[in-house]
Every structure is written in structure tokens, then in C-alpha cells.
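Work through the exercises below with the coordinates open, and try each task before reading its solution.

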Amino acid sequence: MIIRKRLAAALCGALLVTLTGGLVPAAAFADSGDDPADGQAAKQPPKVQLVLDVSGSMRARDIDGQSRMSAAKQAFNEVLDAVPEEVRLGIRTLGADYPGKDRKQGCKDTRQLYPVGELDRTEAKTAVATLTPTGWTPIGPALLGAADDLEGGGSATRRIVLITDGEDTCAPLDPCEVAREIAAKGINITIDTLGLVPNAKMRAQLMCIAEATGGTYTSVQHKDELSDRVSQLVDRAAEPVVTPVATQGTDRCEAAPRLKPGLYADREAIGQHRWYRVDLLPGQELRASVSIAADRAVNRDYGVLLRASTLSGREIVRGEAAGDGRTDVISTGLRHSKPEIEEADADDVADAKPAAETVCLRVSNSFSSPASASDKTAPGLPVELTLDVVDGPRDAGDVAFLGLGQGWWLIGLLTVVGFAAGLLWGWISRWRVAVWRTN
């Protein structure tokens, strides 16, 4: 049984590699001045804003026999000692100053404890040591303040790490909606959330906040877990990343933005179509993929369609995928090659520049909102579009020649390989049976 599973896995792996050979675009960066080759991205230090809940509930003594506040302070001291030199770190609090019962006043209780910038470890630790569990839990206002603290810095990596022990107490300013608004601004801020001894309602809210910006949620029960996880997130901010370029598709191709190879981010409402344009010269191949994330409650069974067409509306090729609710991201892709100019035609246009073909890309989705959902439809769902333009396939030695719909010989090859593998497996099975009978 083990041998059978391994052989099946090997064959599936070989098939996958063969079919997808040349489908993955080369690393492409949008024409935004952030190509690592020019060294611009390296000049922008990553920024991290730690947002700490200092509300009254942080007095509870249920983390390794000590209060949640004490555990958080100790974890912060360990994290501050290990912050990479290139990271610009700041600390913001929520619920640290107002002890009263005035809801309006309590929901304003958030402030910058330590400014985002070069870290003075002693000063930052001293500031944290003065904190005492006090007031409300205004998570939404704190996230808005943290986003403002991280403004500027161009293409720098920016992360907000929220540490809290309870759900927001300042509705109707829903922190999940706040996170979506931050993501929709296109300022590339990722929010990671950590829940101290969470309950079901708190867990759902923190997961929603993280998913809205592509961040992570972690449940924390012990002090060591808290310090380790915060340190991981701070270190992750120092790792180089490719930042998507914000763009905005239109409702028709003629007015769509003309995109170059790169990674792009957009928003698409449920049931909406978004159009983009790409220029393709003779002899080139377009490789495009799109991912749409469900950052809110949606019905099961949904899909995404990426369609390439001409300006006149004639469909060239399409890629589509469907999901059943088991994942919150769905992706698909396509490829389109523009043939080279024939030699006879090339002589006629030898002195002319080859005309580029305008390829219209349309992104559609079939998500739907539950009837009982209270989530807003705006901003739209996060869309990530990857484009690459490479030299088109010319002969069988070109990896791209194995593309979809470009020759039947690949199907014949796979048939022969499958037949040979079946014969080999049958022979091995007969031999094993014979050995078993003999012994």
C-alpha cells in the first residue's frame, strides 16, 4: 500500500510538473520604481507598530500564574531586545488612560506610547513598564491611529501587530470594517492579531481583522508563546517582499488601465467585472493569473473567471476556477501567444515598428453574501493580478511549447508514459503475488 501511494504520488508530481512547465511567470515587478535591481526598495526600512491592549481586563491572572499585563510586559522586553537593527518599531496603546464609564470618552483612549523610528531599547522598555490596566477596548480607533503612524515610507514593509484579550467595546465602529478600509487604501499595511486566552466571539473578530489585510491570527495561552510569536512577526517585517502596485480596473476595456508586467492589487465588488489592458508584440506570450480573497462572510460555492479578448470583444482564451467554501482565496490563470510575423510579411514591414496587440483582460467573480450577513459590500473583495510577458514558444525545445492547447504530442507522450507505468505496476504486482504464494 505504501509503495502504491508513493508511486501514485510520483506519477502525479511528474504530470503536474510537465503540465505546468513554463506556466509560472518569471519574477516580475511592476513599473513603479521598486525593482530590486535599482536598489530603491532596499533604502526603505521596514516599519512595525505594536498595538497593546491595556484595558481593565488585562488584570486577569490566567497566563502562567500571572496577570495578562505582566506577561505582556515581559514578552515585550524580550521582543525589544531582539528587534533587528533595520526595523523601525513603534508602540501604541489602547485603553491605557481613561478609567471612567463615559463610553464616548473611553473609545478615544488610544495613544502613541513610543514613536515609529529607530529603536532606543531602554526608552521603549521604560515606557512599557509604566503601563497599568485601566479602561475600555477601542480596537477600531487604535487600528486607525496605528495606520496613521505608519504613513509615508514609500514601498517599505509595514505591519501592525495587535495584542488584545477581548473584543472591541466601541461598536458601531467595527474593527473588521476598519481593517478592510485600511486595506482598501492600497497603503500595503498588514495586520497580525494575537488573542490572549480568547473566546469564540473574540477569535472570530480577530481572525476577520487579520484576513482583511492578509495577516495572521494566533491564539496565545502562555507568555512564551506571546514573545515567540511577536518576535516572529517583527522578524518577518524585515524580510524582503514584492509589494503589489495599486491599480483600478474599469467597467469596459476601452477605458481600462494599460498595465505592464508586474504584480497589481485592486478591489472588486461581489458580482462586478473589472477590465485591464496589456500590449503584446508579435512573438511574445502573455501569462496572467488572478487571485480573489474572501475577506468577509460569503456563501459557499463561488468562482472566478479571467478572460482575455480583443478590443472588438472576440474571446481569445479564458481561465476559470470554482470553490466550495473550503478556502478563502481562489485563483486562476491563462496564457496567450501572439505569433511572429511571417517572413514574407516581415519584408514588407522591415522598416516599420511591429504593431502591438491590445489584449483586454476581464476579471469576474461569482461570490454572494449570506442573507443574514451584516457585512458591508464596500470596499470590494481584494484582487491580486500578476502579469508577465515573455518570448513566445518557437520549437519543441522551448519549455513554453508545452503550453495549453499548443500540440497533441504531449497528450500522446503522457498516454505512452501511463501505459508503460501500468505495465510495470502490473508486472510488480504479479511478482509480489508469486513470491507470497511461494513463501
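**Exercise 1.** In this predicted model, identify which residues of α2 and α4 meet, classify them, and determine how the two helices are oriented.

*Solution.* Begin with the contact itself: on the α2 side Lys73, Phe76, Asn77, Leu80, Asp81 and Ala82 take part, and they meet Arg121, Ala124, Lys125, Val128 and Ala129 of α4. Sorting the residues of this contact by class then gives six nonpolar, one polar and four charged. Next, take the axes, which lie 10 Å apart and make an angle of about 170°. Because angles over 145 degrees count as roughly antiparallel, α2 is roughly antiparallel to α4.

**Exercise 2.** Describe the span of α2, list its buried residues, and find what covers them.

*Solution.* Helix α2 runs over residues 68-82, and its 15 residues reach 21 Å from the first C-alpha to the last, close to the 21 Å expected at 1.5 Å a residue. Within the helix, the buried residues are Arg68, Met69, Ala71, Ala72, Lys73, Ala75, Phe76, Val79 and Leu80. Their cover includes the strands β1 (47-53), β2 (88-94), β4 (158-164) and β5 (189-196), together with the helices α4 (121-129) and α8 (223-237).

**Exercise 3.** Repeat the orientation analysis for α6 (residues 175-184) and α7 (residues 200-212).

*Solution.* The axes of α6 and α7 come within 8 Å and cross at roughly 5°; since angles under 35 degrees count as roughly parallel, α6 is roughly parallel to α7. The contact is formed by Pro175, Cys176, Ala179, Arg180 and Ala183 from α6, with Gln205, Cys208, Ile209 and Ala212 from α7. By class, these comprise seven nonpolar, one polar and one charged residues.

Key
Residues are numbered from 1 along each chain as its sequence is written. This is a predicted model: local features need pLDDT of at least 70, side-chain atom pairs count only at pLDDT 80 or more; totals for chains, interfaces and linings use all residues. Side-chain values use heavy atoms; hydrogens and water are left out. Helices (H or I, at least four residues) and strands (E, at least two) are DSSP runs, numbered from the N terminus. The expected span of a helix is 1.5 Å times one less than its number of residues. Buried means under 20% relative accessible area, exposed over 50%, partly exposed in between (1.4 Å probe, protein chains only). Contact means heavy atoms within 4.5 Å. Axes are lines fitted to C-alpha atoms, for helices over the stretch in contact, and angles run from 0 to 180 degrees between N-to-C directions. Angles under 35 degrees count as roughly parallel, over 145 as roughly antiparallel, 65 to 115 as roughly perpendicular and the rest as oblique. Ala, Val, Leu, Ile, Met, Phe, Trp, Tyr, Cys and Pro count as nonpolar, Asp, Glu, Lys and Arg as charged, and the others, Gly among them, as polar.
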